[in-house]
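I opened my notebook for a look at one helix and at the cysteines. Here is what I looked up, entry by entry.

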Amino acid sequence: MTAPSFASTLPAAALEKAAGIRLMIFDVDGVLTDGGLFYGEEGEALKRFNALDGHGIKMMQQFGTAAAIITARQSPYVLRRARDLGIAHVFQGVHDKRQAFEQLLQHTGLNAGVCGYLGDDVIDLPVLTRVGFKACVANGHREVKLRSHYVTQASGGNGAVREICDLVLAAQGNYEAALAPYLA
């Protein structure tokens with residue numbers, strides 16, 4: 001007996017919404033990180049990123065879905081992580097995420113319907129409510145969960161981003177191809 005495919009374990013409605021996504025947008029604090037802030041001697045906030053999440057972003061981009069970041073905080077660590085992952089569109093220090101999203105759409109030439117967003121708090125709602133695929137991390141705010149097509153099983157900073165990247169790959173029929181090099 002064969003194991004069920006990964007896609008068959010996911011909600012059909014979420015797969016349908018993620019199938020046409022060409023750009024997946026991520027918040028940082030509470031999504032790409034666990035939301036905790038560690039302050040260094042100079043006052044800078046240190047951040048811990050998850051390697052599983054990073055590899056998921058790389059695989060998703062390899063199969064044609066770009067990634068972007070929109071975050072309220074400003075950090076050189078976010079820029080470094082984005083550079084390491086090949087994320088070209090990074091908006092930091094953004095208190096009006098709707099405005100940053102509009103700029104992102106202008107830069108990419110995409111419409112909101114082919115974008116996805118993974119957030120965790122109410123500051124994310126101005127973008128989340130406009131995109132074609134809406135997702136929230138497991139430990140996100142209830143109002144964000146209520147408005148999402150998919151709530152991850154993993155919490156922010158602990159594999160939630162990877163879960164979304166895998167879902168997007170599966171929805172677009174690329175999950176098995178993304179795994180193939182590692183199973184050869």
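Which residues are exposed on the other side of α3? I found P76, R80 and R83 exposed there. A reminder to myself: this is a predicted model.

**Entry 1, the buried face.** Next I listed the buried residues of α3, which spans residues 76-85, and got V78, A82 and L85. Looking down the axis of α3, I saw that these buried residues fall within an arc of 65 degrees, so they line one face of the helix. That fits a general rule: an α-helix has 3.6 residues a turn, so residues three or four places apart point the same way.

**Entry 2, the neighbours.** I then checked what the buried residues of α3 pack against, and the partners are α2 (51-62), β4 (66-70) and β5 (89-91).

**Entry 3, the two ends.** At the N-terminal end of α3 I found a cap, S75. A side-chain oxygen of S75 lies 3.0 Å from the backbone nitrogen of Y77. After α3 comes G86, and its phi is positive, near 75 degrees.

**Entry 4, the cysteines.** How many disulfides are there? My count came to zero, taking sulfur atoms within 2.5 Å as a disulfide. C115 is in no disulfide, and the nearest cysteine sulfur, that of C165, is 15 Å away. Why does C165 have no bond to C115? The two sulfurs are 15 Å apart, which is too far for a bond. I also asked whether each cysteine is buried or exposed. C115 counts as buried, at 0% relative accessibility, and C165 is buried with a relative accessible area of 0%.

Key: Residues are numbered from 1 along each chain as its sequence is written. This is a predicted model: local features need pLDDT of at least 70, side-chain atom pairs count only at pLDDT 80 or more; totals for chains, interfaces and linings use all residues. Side-chain values use heavy atoms; hydrogens and water are left out. Buried means under 20% relative accessible area, exposed over 50%, partly exposed in between (1.4 Å probe, protein chains only). Helices (H or I, at least four residues) and strands (E, at least two) are DSSP runs, numbered from the N terminus. The arc is that of the directions from the helix axis to the C-beta atoms. Contact means heavy atoms within 4.5 Å. A polar contact is a pair of N or O atoms within 3.5 Å; within protein, one must be able to donate a hydrogen and the other to accept it, and residues adjacent in sequence count only if both atoms are side-chain atoms.
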